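This report takes up a buried polar residue, the aromatic ring pairs and one helix in turn. The sequence and structure come before the discussion.

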Amino acid sequence: MNATTARGALLAAFACVLVGGSFTANSVLADYPYAGGQFLRYGLACLLLVPWAGKGAAGRLRALAPRQWVRLALLAAVGMVGFNLAVIAAERTAEPAVPGVFVGCAPVVVAVLVPLLDGRRPGRAVLYGALLVAVGAFTVQGWGRTDGAGITFSVCALAGEVGFAVLAVPVLRPLGPRLLSATVCAVAALESAVVAVSSDGTGWLRRPDGVETAALLWQAVVVTVVGFVCWYMGMQRIGAERATLFSGLIPVAAACTAPLVGTGSYGLAQAAGSALVCLGVALGSGALTRAESGRATPPAASFRGNGSPRGRIDAASDMPE
């Protein structure tokens, strides 16, 4: 594993740990209008990201084709607004572990889907690593009470998690991580406002109290601004297949932080699941692979719009950040 790959792996891991540690913030927003809160979160994140978007941002946006704008709208609707809605809907009739288990299968789906979209066969190491990550995520969370609706919405949450990675890949190269994050946050804020007005009417937005304000700021500044940029910078360097492996760290981070706030415990099952996730990530990312001549094995295949960067592993350095 060379420096570019290692940096990408660390960025993706850091982003997923931030998301996993944010579950506490989600719990204190239970009484705040959902879509209105998402509007505030993504709107504030967009305002913070715009000055950080880099030179020539307006020109890069104007150069996008209509189909790329459609993809950005789908990315925001499916991978951001829709994902959060699906999780909330699933937890109405299912215990939180149920959508968590389905979302934990995202690395397996991405490990198969991305190569197929790119016209190549799934990488064996990545696929085996993804399976270990999924089993580890299940072990960490366990299984809970559910019904047909809970399972249906959990599958929708899985689709949202997969879409957040797969839909972003073709627009990551022309926009770069920072401008891509700013753009999808702007689109998600608009979509959230439409959902909020349609579902909650005039009560879609209210002034948050002190605790809710802190939670919204955490979600906007840390999870969205820092987390999104780190995630897409990591995916830029190691590809969607390997980056999605690190989503298995989300339940691990949640399990590790839960005892700190008294919302859960960390026992033998969580330790065993965490070990499986780490082993799967190490296997799928190539950290356990000994390459010939003392060099790490590069990401599988070439970048043609869906998978890893073309040719040299450090091709990500040519992309805007």
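## Gln-38 in helix α3

In this predicted model, Gln-38 has a relative accessibility of 7% and therefore counts as buried, since the cut-off for that class is under 20%. The residue lies in helix α3, and, once its neighbours within four places in sequence are left aside, Gln-38 is in contact with Gly-43, Asn-84, Ser-192 and Gln-219.

## Aromatic pairs

A pair of aromatic rings is described by the distance of the centres and the angle of the planes. With centres within 6.5 Å as the criterion, the count comes to three aromatic pairs. In one of them, formed by Phe-39 and Trp-204, the ring centres are 5.3 Å apart and the planes stand at 70°, so the pair is edge-to-face, a class that requires an angle over 60 degrees. This pair links distant parts of the chain, as Phe-39 belongs to helix α3 (residues 34–49) and Trp-204 to the loop between α10 (169–200) and α11, with their positions 165 residues apart in sequence. Phe-39, at 26% relative accessibility, counts as partly exposed.

Phe-164 and Tyr-232 form a tilted aromatic pair, with 5.4 Å from centre to centre and 40° between the planes. Because Phe-164 lies in helix α9 and Tyr-232 in helix α11, the pair ties together parts of the chain that are 68 residues apart in sequence. Phe-164 and Tyr-232 are both buried, and ring pairs join Phe-164, Phe-228 and Tyr-232 into a cluster.

## Helix α7 and its buried side

Does the length of helix α7 agree or disagree with the span expected from its residue count? The helix comprises twelve residues (residues 106–117), which at 1.5 Å a residue should span 16 Å, and the C-alpha atoms at its ends are 16 Å apart, so the two values agree.

Which residues of α7 are buried? They are Ala-106, Pro-107, Val-110, Ala-111, Val-114 and Pro-115. These residues cover an arc of only 140° around the axis, which means that they lie on the same side of α7. The helices against which the buried residues of α7 pack are α6 (97–103), α8 (124–141), α9 (148–166) and α11 (210–245); helix α9 also holds Phe-164, and helix α11 holds Tyr-232, the partners in the tilted ring pair. Just after α7, the backbone at Gly-119 takes a positive phi of about 75°.

Note on methods:
Residues numbered from 1 in each chain as written. Predicted model: local features only at pLDDT ≥ 70, side-chain atom pairs only at ≥ 80, totals over all residues. Heavy atoms only, no water. Helix = DSSP H or I, 4+ residues; strand = E, 2+ residues; numbered from the N terminus. Expected span 1.5 Å × (residues − 1). Buried < 20%, exposed > 50% of the residue type's maximum accessible area, 1.4 Å probe, protein only. Arc of directions from axis to C-beta. Contact = heavy atoms within 4.5 Å. Phe/Tyr/Trp six-rings, centres within 6.5 Å; stacked < 30°, edge-to-face > 60°.
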